[in-house]
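Trainee: Could we go through this complex together, starting with how the chains meet?

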Number of protein chains: 2
Amino acid sequence: MRKKPRQGRSRSMVDSLVEATAICIAEDGLPAATAARIAERAGVSVGSLYQYFARKEDLYAAVLERITVGLKALVAAEIERLPNKSIEDFVRDLLHAVWSYLETDRQRYLRVTRYWAQLEFVAVMNDLERQMTTALGVYLMHHPARRPVQDLPTKVYVLVNSVLFTIVRYISEPSPQARREQIIECFAEMAAALLPAPTKRAGAGAPLKRLPRSPAGRSGTSAPPAARSVSR
Amino acid sequence: MRKKPRQGRSRSMVDSLVEATAICIAEDGLPAATAARIAERAGVSVGSLYQYFARKEDLYAAVLERITVGLKALVAAEIERLPNKSIEDFVRDLLHAVWSYLETDRQRYLRVTRYWAQLEFVAVMNDLERQMTTALGVYLMHHPARRPVQDLPTKVYVLVNSVLFTIVRYISEPSPQARREQIIECFAEMAAALLPAPTKRAGAGAPLKRLPRSPAGRSGTSAPPAARSVSR
DNA sequence: GCCTAATGCGAATATTTGTTCGCATTCAAT
DNA sequence: ATTGAATGCGAACAAATATTCGCATTAGGC
């Protein structure tokens, strides 16, 4: 950022600029997110834009940062609740939370993320993977299964990638075949298969609380209590 | 395409234009793949370019088409060999083949695919999903497991997405933690978990041959002719 | 070898885009 | 109210880009 906003009005202008950038990218695509259009959407002049952002790429970076902060906080919060859950429930709840978050404001963030290659979104994913790997490593240490988990970093890498990109693509092509709930369920199943934890009915002395898996899972944004395929 | 190339020289020019486009996108990114630069790389003039492609987007489409044709053929070939394999081996071999294909020529195609959002790559993925869903549907009908597979389209949707995007991202961020072989193994495991086939030692009357799961899987791009899973 | 259609060219044009700069306006402290 | 700094503006400029067009070159049947 070229200059720091000291007064209130400039701070709010910077804010609305970042938001306008997100909207422009989400609604008209990254190539259409030009300086003039962003300024217009934010209701300021291009001159003002360049007073706080030296290059328009800095604006993109600011948008990414905004997305990242919320995402990391959300994941951290979910990880806090991990110790008392099964992996399957953890993944389910995490996915509901992430999906809802990325979907707010007409899927604004989700649509921005489509341009991950040009927005250095990979750095964010790296962070998320690290976060998840350590958390799951600790969890698996406390809940050892008969067959130990091999290659945890690889599995987390694959899972995080798969989850995020599948969600991102889902808004590009919602696929009437696959509904959101089913996809989440699918990932929960995948994670459980990849990271075998002790079976629920007989935790090996582990402090795993028996959770009476509610039929609709945790309340998502607006998920109807549809009939859910009961596993096990 | 604006005009059809009738003579040999124009056909080869169109060809080199498409290739140059792929190289430009792969090496310098989609925004840098401008008409002038593409023409220069192809060794022709911009005028000639616009004689066969009305808009530069048509060039992008041609590149995508070229990638698609190879990919579909490859998948079809792998599907042909599916009936005699386990799901796990099928996924393993398919992934090796797809990965090698996308990696040829300094990962040209792989790098192009990073811009899937702006290249309508989703249509390709839709096709692939359809192809896979029907093939796996037939397979599972012939190799019924005790617990029938639910929601096959969803699972294929998730798997195809996950595989492709994970491969694509792998070239953006190879992650020293996860090597290619491990990732493929991981996906094979995931697929096997999601699509339960009869256990190998006792196929329920199914013509599934017992395959001696080789520890390193099948040979990759430039591997020696190692012990390969024999088909029938 | 001739002739016509196909092909290839690249300077020229109209837009679009990123970025700057001098000047007007507003704030906050005195 | 005064004043200096912060803020906001948008016309203006340079560079890049997509696309066109009239003209030169070439191929291939006769």
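Mentor: The discussion below takes the protein interface, the symmetry, the DNA strands and one helix residue in turn.

Mentor: This is a predicted model, in which local features need pLDDT of at least 70, side-chain atom pairs count only at pLDDT 80 or more, and totals for chains, interfaces and linings use all residues. Residues are numbered from 1 along each chain as its sequence is written, chains are lettered from A and ligands numbered from 1 in the order in which they are written, and side-chain values use heavy atoms, with hydrogens and water left out.

Trainee: How many residues of chain A are in contact with chain B?

Mentor: There are 36 residues of chain A in contact with 36 residues of chain B, where contact means heavy atoms within 4.5 Å.

Trainee: What area do chain A and chain B bury between them?

Mentor: They bury about 3500 Å², and 61% of that is on carbon and sulfur atoms. Buried area is the accessible area (1.4 Å probe) that two parts lose on being put together, summed over both. W116(A), Y157(A) and R169(A) supply 21% of the area that chain A buries against chain B, more than any other three residues.

Trainee: How many salt bridges does the rule find across that interface?

Mentor: The rule finds 4 salt bridges between chain A and chain B, each being a side-chain nitrogen of Lys or Arg within 4 Å of a carboxyl oxygen of Asp or Glu. R169(B) forms a salt bridge with E129(A), and their closest N and O atoms are 2.5 Å apart.

Trainee: And how many residue pairs are in polar contact?

Mentor: Across the interface, 12 residue pairs are in polar contact, with both residues at pLDDT 80 or more. A polar contact is a pair of N or O atoms within 3.5 Å; within protein, one must be able to donate a hydrogen and the other to accept it, and residues adjacent in sequence count only if both atoms are side-chain atoms.

Trainee: Which elements of chain A supply the side that touches chain B?

Mentor: At least two residues each come from α6 (116-119), α7 (121-142), α8 (152-172) and α9 (180-194) of chain A. The largest share, 13 residues, comes from α8(A). Helices (H or I, at least four residues) and strands (E, at least two) are DSSP runs, numbered from the N terminus. By class, this side of chain A has 19 nonpolar, 10 polar and 7 charged residues. Here Ala, Val, Leu, Ile, Met, Phe, Trp, Tyr, Cys and Pro count as nonpolar, Asp, Glu, Lys and Arg as charged, and the others, Gly among them, as polar.

Trainee: Turning to symmetry, by what turn can chain A be laid on chain B?

Mentor: A turn of 180° with a shift of 0.0 Å along the axis lays chain A on chain B with an RMSD of 0.0 Å. The two copies are thus related as by a two-fold rotation axis. Copies are superposed by least squares on the C-alpha atoms of residues with pLDDT of at least 70 in both.

Trainee: Which residue of chain A comes closest to the rotation axis?

Mentor: That residue is S162(A), with its C-alpha at 2.1 Å. In addition, 100% of the interface residues of chain A are also interface residues in chain B, so the copies meet through the same surface.

Trainee: Now the DNA: which residues are closest to strand C?

Mentor: Of the 24 residues that surround DNA strand C, the closest are Y50(A), K56(A), R6(B), G47(B) and S48(B). Sugar and phosphate account for 72% of the atoms of DNA strand C that come within 4 Å of the protein. A residue is near a strand if one of its heavy atoms lies within 4 Å of it.

Trainee: Which element gives the most to the surface near strand C?

Mentor: That is α3(B), with 5 residues. A polar side-chain atom of S48(B) lies 3.0 Å from a phosphate oxygen of DNA strand C, and a backbone N or O atom of Q7(B) lies 2.8 Å from a phosphate oxygen of that strand.

Trainee: What lies 3.1 Å from a base nitrogen of DNA strand D?

Mentor: An N or O atom in the side chain of Q51(A) does. A phosphate oxygen of DNA strand D is 3.2 Å from a side-chain N or O atom of K56(B). The surface near DNA strand D divides into 7 nonpolar, 8 polar and 9 charged residues.

Trainee: Finally, where does A62(B) lie?

Mentor: A62(B) lies in helix α4 (residues 56-80) of chain B. Not counting residues up to four places away in sequence, A62(B) touches V18(B) and F53(B).
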